[in-house]
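This report introduces a protein structure to a reader who has not met it before. The sequence and the structure are shown first, and the description follows.

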Amino acid sequence: MMHGETAPPGAAAPVFYVTDEEGHHSEGSTMLGFWLYLMSDCLIFATLFATYGVLGRSYAAGPSPKDLFELPAIALNTAMLLFSSITYGFAMLEMDRDDQRKTQIWLAITGLFGVAFVALEIREFVHLFHEGAPPWRSAFLSSFYTLVSTHGLHVSFGILWLVTLMVQVHKYGLVVANKRRLMCLSMFWHFLDLVWIGVFTVVYLIGVLE
């Protein structure tokens, strides 16, 4: 039945179907919206990196990166996030094969790596507080905590999103909508990896080696 037509008395209610063209339009709109969100996130992190670049050497007679950062521990933390990116890639490969069980397994492994990353970051913050380096100690520490914790909050949100999608996949399977959501999370997760590589290089590596 066409839109705008009325059913005769006693006739069954009309059923409207979403055409392939409408479905593709919805999918395209979702992906475009998500790309716009990622661009806005890029602006946020660019601002935080710029702030750190300006304030990163304002120690206020307090500790410097050389005094605080332990590169082996940070390297381990970095490895957790990079491994999570690899395992998410495996999940996407299994999703393309429509293997729900293996997709869920790789998603769960990805989530565990993400939890390990956040746990190690919290441990680092606790250690810095014990070393007498809270955010209000200097402009350097304020910009450091803001940049790193903002990234950590994004990863935490990604983990919650991941768990939500695992529940959705378990309940409804690898339907088109769930595949699209997993693809969006994939872009978000890899984006956070790229941001962290910048954090590791600019904040930790250069900070310690200078």
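## Secondary structure

How many helices and how many strands does the secondary structure of the protein chain come to? In this predicted model, the chain has six helices and zero strands. Following the sequence from its start, the pattern reads α-α-α-α-α-α.

## Burial, surface and contacts

The protein chain has 210 residues, of which 40% are buried. Its exposed area is about 11700 Å², and carbon and sulfur atoms supply 69% of that area.

Contacts can also be viewed by how far apart their partners lie in the sequence. Among contacts between residues at least 6 apart in sequence, 79% join residues at least 24 apart.

## The largest nonpolar core

In soluble globular proteins, nonpolar side chains tend to be buried together. Here the largest nonpolar core contains 50 residues, and those with the most contacts inside it are Phe 144, Leu 182 and Tyr 204. At least two residues of this core come from each of helix H1 (20-55), helix H3 (71-96), helix H4 (100-130), helix H5 (139-172) and helix H6 (176-209). H6 gives the most to the core, with 15 residues.

Which residues does Phe 144 touch, leaving aside those up to four places away in sequence? Its partners, counted in this way, are Tyr 52, Phe 69, Glu 124, Phe 125, Leu 128, Val 203 and Tyr 204. Tyr 204 thus appears both as a partner of Phe 144 and among the residues with the most contacts inside the core.

## Salt bridges

Side chains of opposite charge can pair when their charged atoms come close. The count of salt bridges in this model comes to two. One joins the side chains of Arg 97 and Glu 94, with an N to O distance of 3.1 Å. The two partners are set in opposite surroundings: Arg 97 is exposed, with a relative accessible area of 55%, whereas Glu 94 is buried, with a relative accessible area of 12%.

The side chains of Lys 179 and Asp 98 also meet in a salt bridge, at 2.6 Å from N to O. Lys 179 belongs to helix H6 and Asp 98 to the loop between H3 and H4, so this pair ties together parts that are 81 residues apart in sequence. Lys 179 is partly exposed, with a relative accessible area of 24%. Helix H6 therefore holds one partner of this salt bridge, and H6 is also the helix that gives the most to the largest nonpolar core.

Definitions and conventions: Residues numbered from 1 in each chain as written. Predicted model: local features only at pLDDT ≥ 70, side-chain atom pairs only at ≥ 80, totals over all residues. Heavy atoms only, no water. Core = buried A, V, L, I, M, F, W, Y, C linked by side-chain atoms within 4.5 Å. Buried < 20%, exposed > 50% of the residue type's maximum accessible area, 1.4 Å probe, protein only. Helix = DSSP H or I, 4+ residues; strand = E, 2+ residues; numbered from the N terminus. Contact = heavy atoms within 4.5 Å. Salt bridge = Lys/Arg side-chain N within 4 Å of Asp/Glu carboxyl O. Areas by Shrake-Rupley, 256 points an atom, 1.4 Å probe, with all protein chains shown as cover.
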